[in-house]
Amino acid sequence: MYLFYAPDIETSPVLPEEESNHCVQVLRRNTGDEILVTDGVGHLFHCVVTNPHRKHCEVRIESVETPAPLHEGKIHICIAPTKNIDRTEWAIEKCVEMGADEITLLLCDHSERKTVNMERLQKILVSAAKQSLKTCFPVLHSLTKITELPLDGDLFIAHCEEGYKASEHKFALQHRVVRGHQTTVLIGPEGDFSPQEIQWALEHGFVPVSLGTARLRTETAAMVACHTAVLLNE
């Protein structure tokens, strides 16, 4: 069954205009039809359409439930937007589908893209969350410098710099993720993190990790990191 999104459904049982149009015009839902609605913060509402208007479809809430989380812990993926924004959009879509709880866009020294359309990215996030039947949507943060990130939970940085620090040893991410913990993974831009950013990260508790033997594109690395962390927490 299709999942609709209405953040204020509990206090105002009316679907937003875009959702109303999809419900009434596209899916042809009519009076008396049952639909599922989420508020995006963990609740699933079983509703019945009472007024199938294409701009403000009214519903009646029959019951509400709070599904159990799909995985333990919390997964936070930080990714530098790519020059080709389509690849960043794809990464966000896939990370949402796989179960990321939080996504931060990184503004790095080597970033080729320093502006993003947050409204469009948020729409992609919502669409991916509905498609994968998530009732708790990830939080999406706008462009943030590494030095401004919250230092919470287990911190990892996936950089490509070889021999940056003689004593440094990269661990495979799957051997460092602890089930039930908050996991934050930094994924750099196409030009990688700068030596200064890597140094700052190491000094502030980030552990350097490997995502495998292959050299990955930014968006692929984000997906691999997210999938690894989610699987180890299921």
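In the predicted model, Ser-194 is in contact with Asp-109 and His-110, once its neighbours within four places in sequence are set aside. The C-alpha atoms of Ser-194 and His-110 are separated by 6.7 Å, although the two residues lie 84 residues apart along the chain. Ser-194 is placed in the loop between E10 and H4. Its relative accessible area is 2%, and Ser-194 is therefore classed as buried, the limit for that class being under 20%.

The loop that holds Ser-194 also contains Asp-192, between strand E10 (182-187) and helix H4 (195-203). Asp-192 has a phi near 70°, a positive value in a residue other than glycine. Most residues other than glycine have a negative phi. Asp-192 counts as buried, at 7% relative accessibility. A positive phi is also found at Leu-133, where the angle is near 60° and the residue is again other than glycine. Leu-133 belongs to the loop between helix H3 (118-131) and strand E7 (139-145). With a relative accessibility of 52%, Leu-133 counts as exposed, because the threshold for that class is over 50%. Of these two loop residues with positive phi, Asp-192 is thus buried, whereas Leu-133 is exposed.

As a whole, the protein has five helices and eleven strands. Its C-alpha atoms fill a box of roughly 70 × 35 × 30 Å along the principal axes. Of the 234 residues in the protein, 42% are buried. The accessible surface comes to about 11700 Å², and carbon and sulfur atoms contribute 48% of that area. Among contacts with a separation of 6 or more, 73% are between residues 24 or more positions apart.

Gln-174 provides a further case of residues distant in sequence. Gln-174 lies in the loop between strand E9 (171-172) and E10, and is partly exposed, with a relative accessible area of 41%. Apart from residues up to four places away in sequence, Gln-174 touches Thr-228 and Leu-232. The C-alpha atoms of Gln-174 and Ala-225 are 8.8 Å apart in space, with their positions 51 residues apart in sequence.

Two residues of helix H2 were examined. Ile-85 is found in this helix, which covers residues 85-98. Not counting residues up to four places away in sequence, Ile-85 touches Arg-113 and Val-116. The C-alpha atom of Ile-85 is separated by 30 Å from that of Glu-234, a residue 149 positions away along the chain. Glu-93 is also found in helix H2, and is partly exposed at 27% relative accessibility. With residues up to four places away in sequence again left out, Glu-93 touches Ile-124 and Ala-128. Glu-93 and Leu-105 are twelve residues apart in sequence, and their C-alpha atoms are 13 Å apart in space.

The largest pocket has a volume of about 430 Å³. It is lined by 21 residues, of which His-159, Cys-160, Ala-214, Arg-215 and Leu-216 are the closest to its centre. Strand E11 (207-210) and helix H5 (218-231) are the elements that give two or more residues to this lining. By residue type, the lining of the largest pocket consists of nine nonpolar, six polar and six charged residues.

A search of the whole structure for disulfides returned zero. Cys-47 is in no disulfide, the nearest cysteine sulfur being that of Cys-57 at 9.5 Å; this pair does not qualify because a disulfide requires the two sulfur atoms to be within 2.5 Å. Cys-47 is buried, with a relative accessible area of 1%. Cys-78 is likewise in no disulfide, and the nearest cysteine sulfur, that of Cys-108, is 9.6 Å away. The relative accessible area of Cys-78 is 0%, and this residue is therefore also buried.

Key. Residues are numbered from 1 along each chain as its sequence is written. This is a predicted model: local features need pLDDT of at least 70, side-chain atom pairs count only at pLDDT 80 or more; totals for chains, interfaces and linings use all residues. Side-chain values use heavy atoms; hydrogens and water are left out. On a 1 Å grid over the protein atoms alone, a cavity is a set of points where a 1.4 Å probe fits but cannot get out, and a pocket is an open set with protein on both sides within 12 Å along at least five of seven lines; lining residues have an atom within 4 Å of a point. Grid points are joined across faces, edges and corners, and a volume is the space filled by probe spheres set on the points. Helices (H or I, at least four residues) and strands (E, at least two) are DSSP runs, numbered from the N terminus. Ala, Val, Leu, Ile, Met, Phe, Trp, Tyr, Cys and Pro count as nonpolar, Asp, Glu, Lys and Arg as charged, and the others, Gly among them, as polar. Buried means under 20% relative accessible area, exposed over 50%, partly exposed in between (1.4 Å probe, protein chains only). Contact means heavy atoms within 4.5 Å. Accessible areas come from the Shrake-Rupley method with a 1.4 Å probe; for residues, only the protein chains shown count as cover.
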